[in-house]
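Colleague: I would like a close look at a single part of this model. Please pick out one helix and walk me through it, with the rest of the chain as background.

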Amino acid sequence: MNIMDFNVKKLAADAGTFLSRAVQFTEEKLGQAEKTELDAHLENLLSKAECTKIWTEKIMKQTEVLLQPNPNARIEEFVYEKLDRKAPSRINNPELLGQYMIDAGTEFGPGTAYGNALIKCGETQKRIGTADRELIQTSALNFLTPLRNFIEGDYKTIAKERKLLQNKRLDLDAAKTRLKKAKAAETRASSEQELRITQSEFDRQAEITRLLLEGISSTHAHHLRCLNDFVEAQMTYYAQCYQYMLDLQKQLGSFPSIYHCNNNQTSVAPIPSASSNVIGSSALTSTSGLVITSPSNLTDPKECSGSRKARVLYDYDAANSTELSLLADENKGTE
């Protein structure tokens, strides 16, 4: 027998097996054939594996979105990964914002309060960008990679063995059907022999599949360790960002108070008393949005005892009963 004859006979046998399985599967769907049920323990293991696969995929994809919100960047990284090449390094959003702030601060002048503040904020944003990059690298290595290895490795093996088990089960039920239909003694003996073989192959494949599925518990334990690593990486990242912003707040707090503006404060800038030195007509702006117009000559008692007026720059809602609610462009008088 040459190789060509062997291949032809093998193809014919495979076609016969495929046809037998197709007929058995169709008759089961139509309720015209019996189906061998898997034992409850094996069914539970199969269900657990499928559930693990579904949720692992969802967690993995959403983690990728969390770490890299830009879909185009994710596609680029995916292509480079499939080509087994390293994706080019790109500047991230905090780093880009930081660079803009530094450039703007340099343009306005580092000696000015605003320029100096922009430079300090920019440097902090760039440090946050570096921390963000470290979070992505650590999470990809310690969390995403193990999840992806399960989906592309362990679960593919489980799915392959599960498919083999399904085929062996169809072969077994097809042999049972042929045995029931066998009339002649010779045909019946042949069918019984076929049934014993298919039953043995089915039992063997069921055991292989069961052993693989029981490893899902170990997979869960491994993913738990990976999850702890991911949480630790996030904790480190947020702690770094908090410390960076705390330091920045202290640096900005050292600037003169004249450059600070807080719209939630309601205290009005103090108005000079009658004993103050003579000052020209001026507008003192309070943090609550009032422009206080002082008299042109405060040394005159008559003028000092008169009323004062303020113009509201923007709306303000009173925080408590001791404050006033104001509307933009509204004129308020004080005695």
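What follows is a walk along helix α5 and the parts around it.

Modeller: Keep in mind that this is a predicted model. Start with the whole chain. It has 8 helices and 4 strands. In sequence order the pattern reads α-α-α-α-α-α-α-β-β-α-β-β. The chain holds 335 residues, and 29% of them are buried. Its accessible surface is about 22200 Å². Carbon and sulfur atoms account for 56% of that surface. Now take the contacts with a separation of 6 or more. Of these, 58% join residues 24 or more positions apart.

Now to helix α5. It runs over residues 113-181, which makes 69 residues. How far apart should its ends be? At 1.5 Å a residue, the helix should span 102 Å. The end C-alpha atoms are 96 Å apart, so the two values agree. The helix also has a kink of about 45°, centred on Ala140.

Go through some residues of α5 in order. Lys120 lies in this helix. Is Lys120 buried or exposed? Neither word fits: Lys120 counts as partly exposed because its relative accessibility is 22%, and buried means under 20%. The C-alpha atoms of Lys120 and Met101 are 8.5 Å apart. Along the sequence, 19 residues separate this pair.

Further along, Leu172 is in α5 too. Its relative accessibility is 1%, so Leu172 counts as buried. What touches Leu172, apart from neighbours within four places in sequence? The contacts are Thr36, Leu195, Thr198, Gln199 and Phe202. Look at Thr36 in that list. It is 136 residues away from Leu172 in sequence, yet their C-alpha atoms are 8.1 Å apart.

A record also covers part of this region. An unreviewed UniProt entry lists residues 158-192 as a "coiled-coil region". In the model, that span is 91% helix and 0% strand. Its end C-alpha atoms lie 31 Å apart. Ile158 also pairs up in space with Leu211, at 9.9 Å between C-alpha atoms. The two are 53 residues apart along the chain. Leu211 belongs to helix α6. With a relative accessible area of 51%, Leu211 is exposed, because exposed means over 50%.

Next, turn to helix α2, since α5 is part of its cover. Helix α2 has 28 residues, from 40 to 67. Its expected span is 40 Å, and its end C-alpha atoms are 40 Å apart, so these agree. Which residues of α2 are buried? They are Leu42, Leu45, Leu46, Ala49, Thr52, Thr56, Met60, Thr63 and Leu67. Read the numbers in that list with one rule in mind. An α-helix has 3.6 residues a turn, so residues three or four places apart point the same way. What covers the buried residues of α2? The cover includes α5, α6 (185-213) and α7 (216-253).

Finish with two cysteines. Cys226 is buried, because its relative accessibility is 4%. Cys241 is buried as well, with a relative accessible area of 12%. A disulfide is a covalent bond between the sulfur atoms of two cysteines. How many disulfides does a search of the whole structure find? It finds 0.

To recap α5: the helix is kinked at Ala140, Lys120 is partly exposed, and Leu172 is buried.

Notes. Residues numbered from 1 in each chain as written. Predicted model: local features only at pLDDT ≥ 70, side-chain atom pairs only at ≥ 80, totals over all residues. Heavy atoms only, no water. UniProt positions renumbered as here; feature names shortened; annotations may be inferred. Helix = DSSP H or I, 4+ residues; strand = E, 2+ residues; numbered from the N terminus. Buried < 20%, exposed > 50% of the residue type's maximum accessible area, 1.4 Å probe, protein only. Contact = heavy atoms within 4.5 Å. Areas by Shrake-Rupley, 256 points an atom, 1.4 Å probe, with all protein chains shown as cover. Expected span 1.5 Å × (residues − 1). Bend = angle between axes of the 7 residues up to and from the residue. Disulfide = S-S within 2.5 Å.
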